[in-house]
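Me: Please take a close look at one loop here, then work outwards to the helices and the packing. I'd like a connected account rather than a list.

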Amino acid sequence: MNKKKHWKMQLKKQLRWYPFLIISVAALILFVYIPMGHTIEYSLYNVSIVGYGEKFVGLKNYRTLLGQSQFLRSLWNTMALTVMGLLTIPLGFFLAVFINSLGKGKTQSFFRIGFYLPNIITGVSVILMFQAVLQGDGGLLNSFLSFITGREISIRWISDVRYAKLGATILWCWMNTGYSMLVNLASLQSIPSEIYEAAVVDGATPWKKIRYLTIPLMKNCFTFLLVTGVINGLSRFTDLYILGTNSSAGLPGGTLQTILMYIYQFSFEVPNFGISSAGSMILFALVFIFTMINVKMTGFLNDEESN
């Protein structure tokens with residue numbers, strides 16, 4: 001009887017917290033799970049106008065997408081831009097090593113805030129600013145390269161199909177390297193100093209300390225940045241949309257059209273909700289795969305089983 005009474009008291013105590021979760025759970029159901037269910041449903045239908053004239057077509061939308069050169073090109077663009085965007089990880093690491101070497105003080109704080117500043121600035125403002133930086137004629141980047149090389153450089157970073165991805169990657173790195181630096185710095189400063197002191201006693205050079213101590217000990221940090229960087233890269237839209245003169249076609253010549261821009265195009269500009277829903281499910285599958293890779297690489301499931 002005492003055990004039953006104790007169990008009821010514990011249950012009553014725990015139930016006090018559940019009302020605080022109701023709003024969050026209701027919001028998830030209303031704004032995430034129900035729309036996701038409709039997206040799965042629409043991907044199996046031919047839908048031009050929602051609620052009117054839907055026709056079940058099974059997996060036809062998926063076959064259409066996988067046989068369409070425009071979608072395959074957007075898939076390739078997404079993967080290429082995602083991989084190129086991962087350059088923020090090594091850049092953030094080297095910046096973190098540099099800032100950490102300055103010691104704790106105002107100098108470190110100055111550089112830490114300075115490198116993180118692009119993450120605070122509104123994304124649209126940064127993109128509009130970089131349209132001037134990446135201009136072919138008189139752009140700041142070309143002017144800088146011309147000064148360094150001593151000859152005229154006039155690369156059209158965002159209007160030439162040969163350089164558009166590189167120009168978009170320069171913008172992406174400027175916007176996100178500060179975040180990578182901050183995460184790397186936090187992980188770097190969590191490494192016990194005694195390890196480095198022992199390495200110095202053994203005659204380790206600065207390069208050997210980084211190679212054999214710092215990099216292996218920051219494996220989880222790199223994994224986190226890798227997977228989140230891939231997920232963020234797969235969902236790129238705003239910067240590429242504005243760089244392409246507010247067009248989801250991914251100008252120039254479709255070079256910058258990602259899967260998300262393709263979905264937007266067939267959701268709002270040329271409505272075909274069956275096609276766009278199928279594209280959304282393919283994007284969801286890609287993100288899910290990389291999330292599972294994250295779980296595998298971090299050993300989360302193994303930790304749960306051991307507990």
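Reply: P252 sits in the loop between α13 (238–243) and α14, and bear in mind that we're looking at a predicted model. What makes this loop worth a stop is the peptide bond from L251 to P252, which is cis, with omega near 5°. As a rule, most peptide bonds are trans.

From the loop, go on to α14 and you run into the packing. The largest nonpolar core has 27 residues, and L65, F71, M218, I259 and Y262 are the ones with the most contacts inside it. Helices that each supply at least two of its residues are α3 (60–66), α5 (88–100), α10 (193–201), α12 (219–234), α14 (259–269) and α15 (273–298). The largest share, 6 residues, is from α15. There's also a second core, separate from that one, with 20 residues, including L81, V126, V133 and M175.

Back in the largest core, M218 is a good one to zoom in on. If you skip its neighbours within four places in sequence, M218 is in contact with F93, N184, S187, L188 and I191. As for α12, one of the helices supplying that core, its 16 residues reach 22 Å from first C-alpha to last, close to the 22 Å expected at 1.5 Å a residue. Buried residues in α12 are C221, F222, T223, L225, V227, V230, G233 and L234.

Now for L81 of the second core: T169 touches L81, along with M84 and G85, once residues up to four places away in sequence are set aside. T169 belongs to α9 (residues 164–189). Its relative accessible area is 5%, under the 20% cut-off, so T169 is buried. The T169 side chain also reaches back to the backbone oxygen of K165, at 2.7 Å.

Q108, in α6 (residues 106–120), is buried too, because its relative accessibility is just 4%. Leaving out residues up to four places away in sequence, Q108 touches I99, N100, L102, G103 and Q189. For a sense of scale, Q108 and V270 are 162 residues apart in sequence, and their C-alpha atoms are 51 Å apart.

On to the aromatics. Pairing rings whose centres lie within 6.5 Å gives 15 aromatic pairs. Take F237 and Y241: their ring centres are 5.2 Å apart and their planes are at 20°, so this pair is stacked. F237 and Y241 are both buried. Elsewhere, ring pairs tie F98, F110, F111 and F115 into a cluster.

Last stop, α2 (residues 19–42). It has a kink of about 35° centred on I29. Its end-to-end span doesn't give that away, because 24 residues at 1.5 Å each should span 34 Å and the end C-alpha atoms are 34 Å apart. Further along α2 is I34, which counts as partly exposed because its relative accessibility is 40%. I34 and D202 are 168 residues apart along the chain, with 60 Å between their C-alpha atoms.

How values were computed
Residues numbered from 1 in each chain as written. Predicted model: local features only at pLDDT ≥ 70, side-chain atom pairs only at ≥ 80, totals over all residues. Heavy atoms only, no water. Core = buried A, V, L, I, M, F, W, Y, C linked by side-chain atoms within 4.5 Å. Buried < 20%, exposed > 50% of the residue type's maximum accessible area, 1.4 Å probe, protein only. Helix = DSSP H or I, 4+ residues; strand = E, 2+ residues; numbered from the N terminus. Contact = heavy atoms within 4.5 Å. Polar contact = N/O pair within 3.5 Å; in protein donor to acceptor, adjacent residues only side chain to side chain. Expected span 1.5 Å × (residues − 1). Phe/Tyr/Trp six-rings, centres within 6.5 Å; stacked < 30°, edge-to-face > 60°. Bend = angle between axes of the 7 residues up to and from the residue.
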